[in-house]
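User: Please take me through the core, the strand pairing and the charged contacts of this protein, giving the cut-offs as you go.

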Amino acid sequence: GRFSFPFVPAGDYELSAHLWMGITGGTGPSVRKPQSIAPGMTATVKVDLPVGILLVVKLTGCEICDEHEMVDYKMFPSQAAPADPDELDRMLQSVPRESVVGLGYGGDDAANIMQFHDVAPGPYAICVKVRGGRKSGDQREEMFGCVAATLVVGDDVAEVSVALRRVATKP
């Protein structure tokens, strides 16, 4: 697209741009360009944004997906996938907050196949937690799964399957 910023005061600026595809996008790398503006100057800055990969996440083994209340997705740069929710929490504390994409879906939307748009190539952990309806008291059934995947330059679409298993819920 073309953007115009009229009447910008003279000075040094940095233009930052990134792809954004709604709530599940914007995970691709941003491009930054420095620009100095002199009084009365018109500047044209060309920005070429790299097109990222479409990552499709499918769930397998979900025994409570028909009665679920919420599905939480987390994706972050990592060579390894955490084994359980506690390890996921520990790993998330060691990565920059802005590198974590977290999405939660409830109701009918939770049954949809998840897609992350414009993901930069590299290694990622993709984790999913499904919370079921109330069983007895405040206890809920939960299922969890993570997978490590490396997205490769040149791929338009990558597909991963996350195998879910029951996990103990915290009181």
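The questions and answers below deal with these topics in turn.

Analyst: This is a predicted model, in which local features need pLDDT of at least 70, side-chain atom pairs count only at pLDDT 80 or more, and totals for chains, interfaces and linings use all residues. Residues are numbered from 1 along each chain as its sequence is written, and side-chain values use heavy atoms, with hydrogens and water left out.

User: Which element gives the largest share of the largest nonpolar core?

Analyst: A nonpolar core is a set of buried Ala, Val, Leu, Ile, Met, Phe, Trp, Tyr and Cys residues joined through side-chain atoms within 4.5 Å, where buried means under 20% relative accessible area, exposed over 50% and partly exposed in between (1.4 Å probe, protein chains only). The largest core has 25 residues, and among those touching the most other members are Leu-55, Tyr-73 and Phe-116. Strands are DSSP runs of at least two residues, and helices (H or I) of at least four, numbered from the N terminus. Several strands give two or more residues to this core, including E3 (53-60) and E4 (68-77), but the largest share, four residues, comes from E7.

User: In E9, which residue is the bridge partner of Leu-55?

Analyst: Strands count as paired if DSSP finds at least two bridges between them. E3 pairs with E6 in the antiparallel sense over four bridges, and there Leu-55 stands opposite Phe-116. E3 and E9 run parallel and are joined by seven bridges; in E9, the partner of Leu-55 is Ala-158.

User: How many residues apart in sequence are Glu-14 and Arg-32, which form a salt bridge?

Analyst: A salt bridge is a side-chain nitrogen of Lys or Arg within 4 Å of a carboxyl oxygen of Asp or Glu, and the whole structure holds four of them. In the one between Glu-14 and Arg-32, the closest N and O atoms are 3.3 Å apart. Glu-14 lies in strand E1 and Arg-32 in strand E2 (residues 31-37), so the pair ties together parts whose separation in sequence is 18 residues.

User: Is Asp-72, which meets Arg-131 in a salt bridge, buried or exposed?

Analyst: The side chains of Asp-72 and Arg-131 meet at 3.0 Å, N to O, and the pair links strand E4 to strand E7, 59 residues apart. Arg-131 has 26% relative accessibility and therefore counts as partly exposed. Asp-72, at 19% relative accessibility, counts as buried.
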